[in-house]
Amino acid sequence: QVQLVESGGGSVQAGGSLRLSCAASGRTFSSYVVGWFRQAPGKEREFVSALSRGGTATYYTDSVKGRFTISRDNAKNTVYLQMNSLKFEDTAVYYCAALYNSYVPRRVSDYNYWGQGTQVTVSS
């Protein structure tokens, strides 16, 4: 039982940066694995990044390695995605997702709690 709300999206030029936030409700936030996914028009929703319950183990899709950084502050019930050196192909709606008391999966179908999404638009 957790509710997720994304924020921090916007429009930025290629090479710029944005920081997305995922604010969660509930007293057991630290028990949830959290991931970020994105979906561009006409494309499948895809895995971007995820981290373990304690925040020490992180995972990234190859296309964002070295540019994006995922982190969490369990005391604030918040997960962040720092996005640097943004590219046009990063343009998508970004979703925060959570899974209770698990390893760190990378499949959309493995997560059962989802936020509403936040739009990221990168101009070339």
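Which residue stands opposite Q119 in β11? In this predicted model, the residue is V93. I would like to use that pair as the entry point to strand β9 and its partners.

Strand β9 covers residues 92–100. Seven of its nine residues are buried, so the strand is mostly covered, given that buried means under 20% relative accessible area.

Let me take the pairings of β9 in turn. With strand β4, residues 32–39, the arrangement is antiparallel, and eight bridges join the two. Within this pairing, F37 stands opposite Y95 of β9.

Strand β11, residues 118–123, also pairs with β9 in the antiparallel sense, here over three bridges. This is the pairing to which V93 and Q119 belong.

There is, in addition, strand β10, made up of residues 113–114. Two bridges join β10 to β9, and the two strands run antiparallel. Here A97 faces W114 across the pairing, W114 being the β10 residue.

As a general remark, side chains in a regular strand alternate between the two faces of the sheet.

I turn now to A40, which lies in the loop between β4 and β5, the latter spanning residues 46–51. Is A40 buried or exposed? Its relative accessible area is 16%, and because the cut-off for buried is under 20%, A40 counts as buried. Leaving aside residues up to four places away in sequence, A40 touches T91 and A92. As for its separation from L18, the two are 22 residues apart in sequence, and their C-alpha atoms are 17 Å apart in space.

Key: Residues are numbered from 1 along each chain as its sequence is written. This is a predicted model: local features need pLDDT of at least 70, side-chain atom pairs count only at pLDDT 80 or more; totals for chains, interfaces and linings use all residues. Side-chain values use heavy atoms; hydrogens and water are left out. Buried means under 20% relative accessible area, exposed over 50%, partly exposed in between (1.4 Å probe, protein chains only). Helices (H or I, at least four residues) and strands (E, at least two) are DSSP runs, numbered from the N terminus. Two strands pair if DSSP finds at least two bridges between them. Contact means heavy atoms within 4.5 Å.
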